Amino acid sequence: MSSDSDCIFCKIIAGEIPSFKLFEDENTLAFMDINPASTGHALVIPKEHAADVHAVSEAAIAQTVKTAKMIALAIDRTLNPDGLNLLQCNGPAAAQSVMHFHMHVLPRREGDELKLNWGLEPGDMDAIGALAERIRSNL
Ligand code: AMP
Ligand code: ZN
């Protein structure tokens, strides 16, 4: 499986940097976003390195969406949000900051006014870790 030694998500897959892991299978990995745009913000990535929607293989994007659906269900069970976005960004104008294809699973609250290109603000790591444990228990 292709990987890029300079890629932060490939390093997470390889276990070289820590993550709040939610789920892993042969082809995909899901973990908490450490700069959450909303409480429960998670990411799902293919293990195969590919920069964006144009580079990712059809198999990898399908596997990623399948895992994202499972994570969305677990987040729903855990947080009972009013809504949820599955989102994927490509290129600087779309605010892609990590060039390894990924899907955001974004729980939404009525009136939260979350906009695209929301900007990155570090979350509370203890709270994110505790939430990851709750979401995992609902998989
Ligand atoms: P994007 O802006 O669509 O490329 O999304 C990349 C996401 O990766 C952002 O929401 C970041 O907060 C998130 N991110 C970056 N580094 C890490 C990390 N080490 N662990 C978890 N999430 C990360
Ligand atoms: Zn990568």
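Reader: Which side chain has an N or O atom 2.9 Å from an oxygen atom of ligand 1?

Author: This is a predicted model, in which local features need pLDDT of at least 70, side-chain atom pairs count only at pLDDT 80 or more, and totals for chains, interfaces and linings use all residues. Residues are numbered from 1 along each chain as its sequence is written, chains are lettered from A and ligands numbered from 1 in the order in which they are written, and side-chain values use heavy atoms, with hydrogens and water left out. A polar contact is a pair of N or O atoms within 3.5 Å. At 2.9 Å from a ligand 1 oxygen atom, the side chain is that of His102.

Reader: Which residue places a backbone N or O atom 2.7 Å from an oxygen atom of ligand 1?

Author: A polar side-chain atom of His104 lies 2.8 Å from a ligand oxygen atom. The backbone atom at 2.7 Å belongs to Ala95.

Reader: How much of ligand 1 does the protein bury?

Author: Accessible areas come from the Shrake-Rupley method with a 1.4 Å probe. Taken alone, ligand 1 exposes 500 Å². The share of this area that the protein buries is 93%.

Reader: Which element gives the most residues to the largest nonpolar core?

Author: A nonpolar core joins buried (under 20% relative accessible area, 1.4 Å probe, protein chains only) Ala, Val, Leu, Ile, Met, Phe, Trp, Tyr and Cys residues through side-chain atoms within 4.5 Å. The largest has 17 residues, and its contributors include strand E1 (21–24) and helix H2 (58–79), where helices are DSSP runs (H or I) of at least four residues and strands (E) of at least two. With 6 residues, the greatest contribution comes from H2.

Conventions:
Buried means under 20% relative accessible area, exposed over 50%, partly exposed in between (1.4 Å probe, protein chains only). A polar contact is a pair of N or O atoms within 3.5 Å; within protein, one must be able to donate a hydrogen and the other to accept it, and residues adjacent in sequence count only if both atoms are side-chain atoms.
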